[in-house]
Amino acid sequence: MASSRVETQITWSSASSLSISSASNGTSDAFTFDASDWAAAIQLSADNNGTPASGDTISFYVLWTSGDILGDSGSDYDTVEHAQHLYTLDTYATNTPGEDPARRTVPLNNIAALGCKIYAVNNSSGRSITARARIVTQRGAVA
């Protein structure tokens with residue numbers, strides 16, 4: 001069996017990034033796993049839109065879906081308060097870790113789910129932060 005890597009940019013209302021205002025949040029468009037995907041990782045990126053200060057962090061969460069749990073013909077995603085925390089990136093360079101822009105790749109451990117959305121929370125009290133995410137999957141193929 002052959003395999004390949006498939007890279008997919010996560011979109012936010014069809015854009016490749018989302019500028020999230022201070023003390024605000026945003027949810028990505030839906031991402032769907034292929035039935036032959038067997039491993040996945042996500043790269044998260046935070047780019048402070050101003051001069052970073054202490055407390056300028058952004059927290060990323062994943063909202064998984066296993067389909068239509070409500071039986072109303074829709075994809076039902078995990079609720080925000082019960083989302084799985086992926087990572088918090090700090091854009092203030094004096095902190096350790098802290099850098100602007102900040103990036104981190106983390107494994108996704110639930111690719112048996114049908115798909116997901118990414119939920120990002122800007123914890124800054126004064127600056128917007130631009131969020132980006134990219135998923136890479138290891139995909140099997142029948143030879």
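In the predicted model, Ser22 is located in the loop that connects strands E2 and E3. Its relative accessibility of 27% places Ser22 in the partly exposed class, because that class lies between the 20% limit for buried residues and the 50% limit for exposed ones. Beyond its neighbours up to four places away in sequence, Ser22 touches Asn122, Ser124, Ser125, Gly126, Arg127 and Ser128. Ala93, by contrast, lies 71 residues from Ser22 along the chain, and the C-alpha atoms of the two residues are separated by 18 Å.

The loop between E2 and strand E3 (25-27) also holds Ala23. Ala23 adopts a positive phi, near 55 degrees, and is a residue other than glycine. With a relative accessible area of 66%, Ala23 is exposed. A second non-glycine residue with a positive phi is Ser14, for which the angle is about 70 degrees. Ser14 belongs to the loop between strand E1 (2-9) and strand E2 (18-20), and its relative accessibility of 66% classes Ser14 as exposed. Such values merit mention because most residues other than glycine have a negative phi.

The contact between Ser22 and Asn122 leads to strand E9, where Asn122 is placed. Asn122 counts as buried, at 1% relative accessibility, a value under the 20% cut-off. When neighbours within four places in sequence are set aside, the contacts of Asn122 comprise Ile20, Ser21, Ser22, Ala23 and Ser24, together with Thr57, Ile58, Arg127, Ser128 and Ile129. Both Ser22 and Ala23 of the E2-E3 loop are thus among the residues in contact with Asn122. Leu89 is 33 residues from Asn122 in sequence, with a C-alpha to C-alpha separation of 9.8 Å.

At the level of the whole chain, 0 helices and 10 strands are assigned, and the order of elements from the N terminus is β-β-β-β-β-β-β-β-β-β. Contacts between residues 24 or more positions apart represent 80% of those in the chain with a separation of 6 or more. The radius of gyration is 16 Å, in agreement with the value near 15 Å that a compact globule of 143 residues would have. The C-alpha trace spans about 50 × 35 × 25 Å along its principal axes.

Of the 143 residues in the chain, 37% are buried. In soluble globular proteins, nonpolar side chains tend to be buried together. The largest nonpolar core in the model contains 27 residues, of which Ile42, Leu44, Ile58, Phe60, Leu86, Leu108 and Ile118 touch the most other members. At least two residues of this core are supplied by each of strand E5 (37-48), strand E6 (57-65), E7, E8, strand E9 (115-122) and strand E10 (129-141). Leu44 illustrates these contacts: apart from residues up to four places away in sequence, Leu44 touches Phe60, Leu86, Tyr87, Leu89, Ala102, Arg103, Arg104, Val106, Arg132 and Ala133. Two of these partners, Phe60 and Leu86, are listed with Leu44 among the core residues that touch the most other members. Ile58, also named in that group, is in contact with Asn122 as well.

Leu114 is located in the loop between E8 and E9. At 48% relative accessibility, Leu114 counts as partly exposed, the limit for the exposed class being over 50%. Outside its neighbours within four places in sequence, Leu114 is in contact with Phe31, Thr32, Phe33, Thr65, Ser66 and Gly67. The C-alpha atoms of Leu114 and Thr79 are 16 Å apart, and the two residues are separated by 35 residues along the chain.

Two cis peptide bonds are described here. In one, Thr96 is joined to Pro97 with omega near -5 degrees; in the other, Asp100 is joined to Pro101 with omega about 0 degrees. Pro97 is situated in the loop between strand E7 (84-90) and strand E8 (102-108), and Pro101 is likewise placed in the loop between E7 and E8. Most peptide bonds are trans.

The exposed surface of the chain amounts to about 7,600 Å², of which carbon and sulfur atoms supply 47%. The chain carries 8 positive and 14 negative charges, and the mean positions of these two sets are 9 Å apart.

Notes
Residues numbered from 1 in each chain as written. Heavy atoms only, no water. Helix = DSSP H or I, 4+ residues; strand = E, 2+ residues; numbered from the N terminus. Rg over C-alpha atoms; globule rule 2.2 N^0.38 Å. Buried < 20%, exposed > 50% of the residue type's maximum accessible area, 1.4 Å probe, protein only. Contact = heavy atoms within 4.5 Å. Areas by Shrake-Rupley, 256 points an atom, 1.4 Å probe, with all protein chains shown as cover. Lys, Arg positive; Asp, Glu negative; His and termini not counted. Charge placed at Lys NZ, Arg CZ, Asp CG, Glu CD. Core = buried A, V, L, I, M, F, W, Y, C linked by side-chain atoms within 4.5 Å.
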